[in-house]
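I opened the notebook to look up one helix and the empty spaces in this model. Here is what I looked at.

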Amino acid sequence: MIEILTIISPLFLIILATAIGQKYFRIGDDWSKVFNEFALKIGLPVLIFASLSRTSFSFKDQASLIISNSFLVITSLIFAYFLGKLLKFNKVFFRTFFICLAFSNVAYLGIPVLSSIKGAEILPQVSLIIGVYLFWIFTIGIAFLDNSIKEKNEKIAKTTVLKLIKNPLLLSCFFGIIIGYFQIQLPQIVFKSLDMISASVTPTVLIVIGLFIGKSKLGKLKDWIPIAIFSLLVLILVPGVFYLVLRTLQLNPKDFGVSIIEAAMPLAITPFALTDKYKLDKNFIAKSIVLSTILSVLTLPFWVSIL
């Protein structure tokens, strides 16, 4: 585990240094939004497209990866829905819990962590997993949120489809898979340009996370109890159940190691951007991002070491 922690620790060191700089020196009050927009709409889509388009893709060969991760995301959404009903969460927290449980940081943190451990050759597999997460979250997940706050006569299906076709991350997955599947050869000058942008993604997203943590307020200790429970669900229970299901089906979890590690990522930043539109619990999401990201310094090396 020490070796794994050594590999991952530089990533969290960047987050920590940026968080301290933001908290005490206000180094990035205006940077965070710009960096986040760049990463979400340019950097990550370019990185995903570049990695997938270079890969010879086969639906037959990738079926197990697509099915297993689809099962995980859909099951997480179903579990969140019924648990919320069982525990009688209020409407705001119900919507928040539903969308957050499955919304792991598979792109922002998943890409730098897994590429540090496995190298650049793992990016096509990671990119495909990101595509699976995005597809189900932006269909089932967002459709549920739209339905829960919809106005009369509002067309949910049309709204959901429009969101899908406008999502840069999902579009990059789609076009990358198409080019990889048909083995379309793009000019090297295009790939060199894409690689230059891709190289900037990891440090940018780590800085964004650090800036967010640095300006987050601590609050009272009792307020962190539900946050801690949720963080343990995301970091341990969800990937743990995934691991046990694979063992029960007599599948080797190590063959799905990248998928399990992605499932063990902390809460993504994206739900925070959805808080105003879908009337979510902004305070809960903000603190969950902070605590789950901090705790992942310990939990991610654990999952990596056993896989």
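My entries on the helix come before those on the spaces.

The model is predicted, so I noted the limits: local features need pLDDT of at least 70, side-chain atom pairs count only at pLDDT 80 or more, and totals for chains, interfaces and linings use all residues. Residues are numbered from 1 along each chain as its sequence is written, and side-chain values use heavy atoms, without hydrogens and water.

**Helix α15**

I looked up α15, residues 282-306 (helices are DSSP runs of H or I, at least four residues, numbered from the N terminus). Its 25 residues should span 36 Å, because the expected span is 1.5 Å times one less than the number of residues. The end C-alpha atoms are 34 Å apart, which agrees. I then found a bend of about 50° at S296 (the angle between axes fitted to the seven residues ending there and the seven starting there).

**Second largest pocket**

I read that a pocket is an open set of points on a 1 Å grid over the protein atoms alone, with protein on both sides within 12 Å along at least five of seven lines; lining residues have an atom within 4 Å of a point. This pocket holds about 580 Å³ of space (the space filled by probe spheres set on the points, which are joined across faces, edges and corners). Of its 26 lining residues, I213, G214, S216, V290 and I294 are the closest to the centre. α15 gives the most to this lining, with 9 residues.

**Largest cavity**

A cavity is a set of points where a 1.4 Å probe fits but cannot get out. The largest has about 40 Å³ of space. L72, V73 and S76 are among the residues lining the largest cavity. Helix α3 (residues 63-86) gives the most to that lining, with 3 residues.

Technical notes. Helices (H or I, at least four residues) and strands (E, at least two) are DSSP runs, numbered from the N terminus.
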